[in-house]
Amino acid sequence: MMNPQTLKGDQTITLEETGHTRTEPAKTPIRIPRGFRKPSHKTAAAIFWITFAVVAVVAGIGIVVQDMRFVMAAIYFAVGFVFQRAGFCSASLLSAVVLSRDMRGLRAILVAVLTAMLGFGLMDILGWVTIYPGRISVIPAAVAGLIFGTGMVFAGGCISGSLFKATEGHLPSIIAVAGIFAGLAAGLSPWGRGGIDFLTSLSESWKLPSNIVDPFGDAFALMAVGIALIGLSAMCLLYRRRILDSRLKNAYPADGSWPLFGVAVIVGLLGWAAIVVGPFLGRTHPLGASHMPYALLKYVFEGNARIVGLIAWTFVLGSALSAWLRGKLIWRTAPKGMLVLAYFGGVLVGFGAILGGGCFVGQILSGWALLSIHALIFGITMILANWATTLLYLRGWR
Amino acid sequence: MANKNRLSSIKKILFMVTVTAAMIMGIYSLTLAFVNVQWASISTSLIMRTATPEDSDKIEAAIGSETESDLVFVVIANLGECIEDAAAASIAVQNLSATPPFSDLQTSIRYMTAEDSDFKVIIEQNEIRQFPALLIAKKGGGVVRLVNKLDEKTILDTYQRYWGDSASTAETEYSIY
């Protein structure tokens with residue numbers, strides 16, 4: 001019997017000479033997950049372009065007939081599509097920093113915020129939009145960030161992330177969405193309101209401003225544009241090699257996902273559209289996700305809800321289309337314990353959203369771009385809670 | 001190969017020029033922002049009060065004898081300070097209350113100075129620390145306080161934000177994004 005480790009140079013041996021025997025592959029059948037069949041590359045491309053054209057026409061009709069519901073529906077459809085396309089889920093992007101020191105998600109979030117901020121500032125200078133001061137409630141924002149950030153790790157996604165993963169057929173995310181509804185309902189209940197009022201009352205007398213700069217002053221727009229331009233150009237300089245290297249141009253993953261940074265820019269641009277269209281439908285804030293389940297809950301139980309919250313459910317249609325085109329529309333389940341944890345995480349996410357007045361999309365992607373102090377507090381505590389929970393729960397403090 | 005390298009160099013130069021220009025514009029914008037800065041503070045930001053029982057008392061105090069009006073403007077000036085600003089605010093309120101969108105509402109204006117007997121109560125209840133200040137109180141509930149910036153546009157924007165035709169755009173205390 002020869003030891004393969006003693007071989008020199010080009011010397012080779014057969015399997016029999018090593019004393020090992022060839023084993024047959026396992027006979028156990030491979031379970032193919034049930035799901036919708038992925039269309040061929042050509043069909044997928046055709047469906048994508050036809051859908052893109054239809055959505056653009058719908059938005060165009062909305063502008064012509066001055067019915068902004070169509071435009072908002074198109075915006076949220078596009079948001080759902082691109083979120084799924086890049087797996088733009090804050091829980092995953094943030095946890096990756098702790099799990100694998102992968103900073104791409106964090107940088108993509110920053111790019112989305114800066115892109116949105118640039119547009120808000122420019123449109124404010126041009127007088128196209130009015131930036132309103134958001135609310136400020138320090139303790140609820142901080143507590144909500146902690147609850148939301150912890151819950152999103154257990155749920156496996158924030159509100160938008162859980163929604164697009166649920167449309168893919170991911171059972172834990174479907175359960176998490178149910179938990180989110182339960183959390184929102186808990187926040188709307190009398191004791192939930194009582195708790196929120198109590199937390200609000202603790203910092204009511206602090207009297208902090210709601211925005212870094214007075215949004216009604218000239219400095220707001222200039223500061224937003226300045227921060228955005230400096231931030232974006234600094235990132236371009238830092239990653240100039242990746243941006244300029246033409247060899248990377250076609251290096252997209254085979255699963256049809258889109259690059260995070262491209263999607264981050266698209267999300268920022270969709271934020272521009274949302275802040276222009278929103279006021280026509282009674283919404284002064286740009287993009288958001290928590291107002292979708294909130295509006296649905298209000299509509300079901302109280303019979304009235306903000307129309308924009310119901311229209312925004314086109315997000316799910318966009319996600320479903322993207323998942324189908326990528327062959328990701330597959331039923332996936334998980335052990336019971338994970339499902340219970342996902343529900344518990346969803347409840348925390350839902351309650352955190354109602355306490356903090358928003359979620360990752362509404363508070364970070366939009367709120368940070370509006371220089372809102374409430375959103376900054378919520379976002380920072382949310383990120384820290386996400387990292388702490390990831391470290392303790394997913395990495396076991398290693 | 002040479003052409004490819006040249007193209008690549010041109011691309012690099014264009015990229016650097018664009019990014020540098022963006023950086024310079026950003027620094028310029030930020031400089032201008034700091035020159036014009038009006039840091040948000042409690043004295044410049046708008047505060048909307050929802051009609052809680054406590055606030056109802058404040059509204060009543062602010063309205064005083066004008067309880068029959070739909071909308072009451074309380075222009076508050078401190079004697080010896082910002083007299084000109086207070087006068088300008090009064091003119092802005094006067095002009096505005098006589099024009100749409102307030103034309104369908106019964107409006108009244110009350111001017112207050114330190115000589116008024118309830119001056120101290122109102123500034124304490126409404127936590128006014130700078131003058132001139134404007135309280136816009138609505139009979140149906142809610143009072144908005146404006147400090148420093150009291151031009152017609154700001155007052156109109158405030159009204160539209162909280163009670164006007166586009167009042168639905170106001171994000172309430174429990175609205176979530």
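In this predicted model, B:Val75 stands opposite B:Leu134, a residue of strand S4(B), and the strand to which B:Leu134 belongs, spanning residues 133–138 of chain B, pairs with S2(B) in the antiparallel sense over 6 bridges. B:Val75 also has a bridge partner in S3(B), namely B:Tyr111; here the pairing of S2(B) with S3(B), which covers residues 107–112 of chain B, runs in the parallel sense, again over 6 bridges.

The surroundings of S2(B) can be followed residue by residue. In a regular strand, side chains alternate between the two faces of the sheet. In S2(B), B:Leu71, B:Phe73 and B:Val75 point one way, while B:Val72, B:Val74 and B:Ile76 point the other way, and all of them are buried. Because 6 of the 6 residues of this strand, residues 71–76 of chain B, are buried, S2(B) is largely enclosed by the rest of the structure.

Turning to chain A, helix H5 (residues 138–155) packs with helix H8 (residues 190–202) at an angle of about 125 degrees, the axes of the two helices lying 6 Å apart. An angle of that value lies between the range counted as roughly perpendicular, 65 to 115 degrees, and the range over 145 counted as roughly antiparallel, which means that H5(A) is oblique to H8(A). On the side of H5(A), the contact is formed by A:Ile139, A:Pro140 and A:Val143, which meet A:Ile196, A:Leu199, A:Thr200 and A:Leu202 of H8(A). Sorted by character, the residues of this contact comprise 6 nonpolar and 1 polar, with no charged residue among them.

Notes:
Residues numbered from 1 in each chain as written. Chains lettered and ligands numbered in written order. Predicted model: local features only at pLDDT ≥ 70, side-chain atom pairs only at ≥ 80, totals over all residues. Axes fitted to C-alpha atoms, helices over the stretch in contact; angles between N-to-C directions. Helix = DSSP H or I, 4+ residues; strand = E, 2+ residues; numbered from the N terminus. Parallel < 35°, antiparallel > 145°, perpendicular 65-115°, else oblique. Contact = placed C-beta atoms within 7 Å. Nonpolar A, V, L, I, M, F, W, Y, C, P; charged D, E, K, R; others polar. Buried ≥ 20, exposed ≤ 12 C-beta atoms within 10 Å, placed from the backbone. Pairing = 2+ DSSP bridges.
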